[in-house]
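Welcome! Here is a short guided tour for anyone meeting this structure for the first time. Please keep the sequence and the 3D view at hand as you read.

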Amino acid sequence: MSGWTGLLLALLAVSLSLHFVQYRSKKKRDESLAYITARLDGILNGGAARGKLLHVTDDKQLIALLNGLNGLVETNQRMTATYNKTEDSMRKMLANISHDLKTPLTVVLGYMETLIQNPSTPAEERERLLDKVHAKAREVLALINQFFDLARLESGDRDIPLNRILLNEVCSQTILAFYEPLTSKGVEVVIAMPETPVYVLGNEEALVRILNNLISNASQYGSDGNMLGLTLREDEEHAYVEVWDRGKGISEFHQDRVFERMYTLEDSRNPLYQGSGLGLTITKRLVEKLGGVITLTSKPYVKTSFTVKLKKTTYGRT
């Protein structure tokens, strides 16, 4: 009997040990799960986790769970940062649009009140005031169109078909439209293009708008350098259109931001200039729609250039 008693006592001791180990293991797992739950509650209640969930266990399954949750935390942090940046951009965009709409509309109202309160205004003066009203109304319409163009581009609602485009011709026609207004202000216009035809995969309407935006931008902000140029060059696979000026330039701090929505160049070049901050953003989106890339380099009073890189083609419609 003593032998059976010893065996039973041994089995009891093993059983108690297993239960104790299981109890300890369950307790540790419960603590780990409670820690995970608390951290997740913090995230779900609006607090972006500032650090990863620590591995407080040697349980392989819990470690795998923690690794997965850490991936979600990192994604949440990135999304939160992007959201905050977008929200700040939208706030600035709305403020700028409100300002840019309010200014011309105030002028329009002022002119209209003058006309209404002074019905005997001479015909010549009335005509002059009506011309100013018309010009300001066109400014408002242009801004509204810019805003909706950007919205359509970013939502993917605007279809831009790609064709075989002779880039030499588009560049020539666009820069020549600016030639007389620029030279009349004392700005030297420098045009450099190869004699051989350069064909790219693009869209003529989009390319004209891209170049118009870049030349207008250089004219507005870089004409103090008294020189503006357009250069077309190519390599085996790509064509490059560079619009440049020798004006005040854009500081390195601002160069990465000029393509952001509502980031106006008066922030970085001249506080006397006002702009909607949509032109360069639309330009960048259009270039991307054409499968291209736009870059900026700037050295004050030496050269500030925007370069559009597009893929060459020898084929027809795609």
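## Inside and outside

Of the 318 residues in the protein chain, 35% are buried. Please keep in mind that this is a predicted model. The chain has an accessible surface of about 19400 Å², and carbon and sulfur atoms contribute 57% of that surface.

How do the contacts spread along the sequence? Among contacts in the protein chain with a separation of 6 or more, 68% are made by residues 24 or more positions apart.

## Helices and strands

The protein chain contains seven helices and seven strands. If you follow the sequence from its start, the elements come in the order α-α-α-β-α-β-β-α-β-β-α-α-β-β.

## Where two helices meet

Now turn to helix α4, which covers residues 167–184, and helix α5, which covers residues 204–222. Their axes are 10 Å apart, and the two helices pack at an angle of about 35°. The crossing of α4 and α5 is right-handed.

Which residues make this contact? On the α4 side you will find Leu167, Val170, Cys171, Thr174, Ile175, Phe178 and Leu182. Facing them from α5 are Glu204, Leu207, Val208, Leu211, Asn212, Ile215, Ser216 and Ser219. Sorted by character, the residues of the contact of α4 with α5 are ten nonpolar, four polar and one charged.

## A closer look at Phe178

Phe178 is a good residue to pick out in the viewer, and you can find it in helix α4. Is Phe178 buried or exposed? Its relative accessible area is 16%, so Phe178 counts as buried, the cut-off being under 20%.

Leaving aside residues up to four places away in sequence, Phe178 touches Asn212, Ile215 and Ser216. These three belong to the α5 side of the helix contact. The C-alpha atoms of Phe178 and Ser219 are separated by 9.0 Å, while the two residues are 41 residues apart along the chain.

## Salt bridges

The structure holds five salt bridges. One of them pairs Arg128 with Glu125, with 2.7 Å between the closest N and O atoms. Both Arg128 and Glu125 sit in helix α3, residues 123–155, and they are three residues apart, about one turn of the helix. Arg128 is partly exposed, at 39% relative accessibility, and Glu125 is also partly exposed, at 30%.

A further salt bridge joins Glu234 to Lys312, where the closest N and O atoms are 2.7 Å apart. This pair links distant parts of the chain: Glu234 lies in strand β4 (residues 227–234), Lys312 lies in the segment after β7 (303–311), and 78 residues separate them. Glu234 counts as partly exposed with 32% relative accessibility, and Lys312 is partly exposed with a relative accessible area of 24%. Elsewhere, Arg233, Glu242 and Lys303 are joined into one network by salt bridges that share partners.

Within that network, what is the spacing between Glu242 and Arg233? The closest N and O atoms of their salt bridge are 3.6 Å apart. Glu242 has 8% relative accessibility and therefore counts as buried, since that value is under 20%. Its partner Arg233 is partly exposed, at 38% relative accessibility.

Methods
Residues are numbered from 1 along each chain as its sequence is written. This is a predicted model: local features need pLDDT of at least 70, side-chain atom pairs count only at pLDDT 80 or more; totals for chains, interfaces and linings use all residues. Side-chain values use heavy atoms; hydrogens and water are left out. Helices (H or I, at least four residues) and strands (E, at least two) are DSSP runs, numbered from the N terminus. Buried means under 20% relative accessible area, exposed over 50%, partly exposed in between (1.4 Å probe, protein chains only). Contact means heavy atoms within 4.5 Å. Accessible areas come from the Shrake-Rupley method with a 1.4 Å probe; for residues, only the protein chains shown count as cover. Axes are lines fitted to C-alpha atoms, for helices over the stretch in contact, and angles run from 0 to 180 degrees between N-to-C directions. A crossing is left-handed if the near helix is turned anticlockwise from the far one by less than a right angle, and right-handed if clockwise. Ala, Val, Leu, Ile, Met, Phe, Trp, Tyr, Cys and Pro count as nonpolar, Asp, Glu, Lys and Arg as charged, and the others, Gly among them, as polar. A salt bridge is a side-chain nitrogen of Lys or Arg within 4 Å of a carboxyl oxygen of Asp or Glu.
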